[in-house]
Number of protein chains: 2
Amino acid sequence: MIIAIDGMGGDHAPQSVIEGALQALAAFPQLTVHLYGQQEVMAPFLQQHERLTVIHCSEVVEATDDAARAVRRKKDSSMAKVLEAVKTGTADACLSAGNTGALMAGGLFKVGRIDGISRPALATTLPTADGNGFLMLDLGANADAKAENLAQFALMGNIYAQKVRGYEKPRVGLLNIGTEEQKGNEVTKAAYPLIQAESLHFIGNVEARELLNGVADVVVTDGFTGNMVLKSVEGTAATLFSMLKGAFTASTKAKLGAVLAKDGLRALKTKMDYTEYGGAALFGLKAPVIKAHGSSNAKAIFSAIRQASLMVEHDVIQTIHDTIAKDK
Amino acid sequence: MIIAIDGMGGDHAPQSVIEGALQALAAFPQLTVHLYGQQEVMAPFLQQHERLTVIHCSEVVEATDDAARAVRRKKDSSMAKVLEAVKTGTADACLSAGNTGALMAGGLFKVGRIDGISRPALATTLPTADGNGFLMLDLGANADAKAENLAQFALMGNIYAQKVRGYEKPRVGLLNIGTEEQKGNEVTKAAYPLIQAESLHFIGNVEARELLNGVADVVVTDGFTGNMVLKSVEGTAATLFSMLKGAFTASTKAKLGAVLAKDGLRALKTKMDYTEYGGAALFGLKAPVIKAHGSSNAKAIFSAIRQASLMVEHDVIQTIHDTIAKDK
């Protein structure tokens, strides 16, 4: 299995990307990595490996580049090249920690949608208190969504949770402002019966308050709301952790307290650690396109590569294709 | 100044409501309370006070009552009566910790909208790391909103932040999925120029991730998104605090650590304590209607009464009326 990796994307590229790729090569014997990027920038971090091929690209898509046009304009960028690799079939999946908007726009333009999918969706696994995590989509591939899009998101999320996360009958929930069937805005009210009509284990509406308690395995929402909720959860956790740090350094006594409690606190941080869960996947395209977090360290890249290889191994794309074809 | 209080609403009613009211009577010499509810249920908690009048009502709006019809049907309920009191002018403001949906529907039906306001909005002050807090609206009075509604929410929030929270020039932000002007869904993209055209200090789009860092004093959004973000913040904080508790009781060593760090942890909890900030206000009605949190203790009721009295004292309703009239 060949994964095409953008060596230049992300805040800590190329170092953390290359380190993560080397770790993945060591862990997964069936994996071959095609690493795209500027040879001279990547050279200091590279190691010889029989299943690693480095492909030089002259350009780099920057975080500040215009999302809609970056991949189209920078034809010899590492991001354009990894997308092209999955399009032409040179690679089975691709991965970048670079500009999210550019990767989404480029994915649509270069890789293209699966027949019958009207909108792709960005999906990621978020942590829960019990350590299992849940898949949420869409996180912002589309700012506006119709009810039919949400029903397709439910189908795609269900397949991913079965194939990659190993749930036999994932509990699929619709993110809403109340649990009763008639609650919500126009889109969720119209989406409810559509999702209910699909062959999956729909548990109805779920509320944002219950997400981290593991109320569902797959949570479906429009990209605007999904992005808001994702950032609210991340922002609240970050603020609380930083305030906690302040509380633990306020006095010598508190500092001692932190030392004594450190095992428990570390376990808490591990549970809430996004680097365990891989990246975000763009569902609905003709090949697996994985977006690793911009601030990915080597471990996060490793997890994202594992996620990409599981998507390939379990034929997620083909299953989505077949399910949508049958659904029409 | 007379505040009409629903003695029967909330998880800890009537006890916490009555205790909070008595505390407020002791603290604010200009305050008179009209307490509505079932005499025999409230009696054990009542004390004689020269500025407290108890008005018996035979019915109670329950948390499970149908929101749209509860107040209409239960004409002699404490909730219906407090709304009627502000409508007829018997009281200057009213307050309930009961069924939110019923209070919103009842407020619209009994109290009515200010001329020119097409949709009322539910607003509350959320905590920030610096302890200042910010006002967010709409939190769910309307599940769907138009751009013009958001512009009115901005005007109303601005007035409240000036009059009640004492900001001379509140920073008003539009909640969005990116900070750039062209970001967002159809509603936020259309709302941006409308808010920009109002006479207020509009700081543009703000992201959910930055809310608890105090990025704005007033945050404007539609009721669906606002409700989602509110519940995401509350849910994340609740989950983390509960995990923290687990971490601190995992071992004897950790328990000792918790004892040593307890001052700092308590300060953190105080900063994040919603009971400091009062309740949610329904903006856009002809009189102040305050919704205290369902789980309000006496302190939260006290804060909500203080909030109601500040709205009356600073003439928030009249200012909204005049501003909207001028704006048309």
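This note covers the contact between two chains, their symmetry and one lysine.

1. **Ground rules.** This is a predicted model, in which local features need pLDDT of at least 70, side-chain atom pairs count only at pLDDT 80 or more, and totals for chains, interfaces and linings use all residues. Residues are numbered from 1 along each chain as its sequence is written, chains are lettered from A and ligands numbered from 1 in the order in which they are written, and side-chain values use heavy atoms, with hydrogens and water left out.

2. **Size of the contact.** Chain B and chain A each put 47 residues into the contact (heavy atoms within 4.5 Å). Together they bury about 4300 Å². That is accessible area, taken with a 1.4 Å probe, that two parts lose on being put together, summed over both. Carbon and sulfur atoms carry 73% of it.

3. **Polar links.** Four salt bridges join chain B and chain A. Each needs a side-chain nitrogen of Lys or Arg within 4 Å of a carboxyl oxygen of Asp or Glu. One salt bridge pairs Lys231(A) with Glu207(B), at 2.4 Å from N to O.

4. **Who builds the surface.** On chain B, the elements giving two or more residues to the side that touches chain A are strand S7 (172-176), H7, helix H8 (223-248), helix H9 (252-260) and helix H10 (262-271). Helices (H or I, at least four residues) and strands (E, at least two) are DSSP runs, numbered from the N terminus. H8(B) gives the most, with 19 residues. This side of chain B divides into 24 nonpolar, 13 polar and ten charged residues. Here Ala, Val, Leu, Ile, Met, Phe, Trp, Tyr, Cys and Pro are nonpolar, Asp, Glu, Lys and Arg are charged, and the others, Gly among them, are polar.

5. **Symmetry.** Chain B superposes on chain A by a rotation of 180° with 0.0 Å of shift along the axis, at RMSD 0.0 Å. The two copies are therefore related as by a two-fold rotation axis. The fit is by least squares on C-alpha atoms of residues with pLDDT of at least 70 in both. Both copies use the same surface: 100% of the contact residues of chain B recur in chain A. Gly257(B) comes closest to the axis among residues of chain B, at 1.8 Å (C-alpha).

6. **One lysine.** Lys189(B) sits in helix H7 (residues 186-196) of chain B. Lys189(B) counts as partly exposed because its relative accessibility is 43% (buried is under 20%, exposed over 50%, partly exposed in between; 1.4 Å probe, protein chains only). Leaving out residues up to four places away in sequence, Lys189(B) touches Gln182(B), Lys183(B) and Gly184(B). Asn205(B) is 16 residues from Lys189(B) along the chain, with 9.9 Å between their C-alpha atoms.
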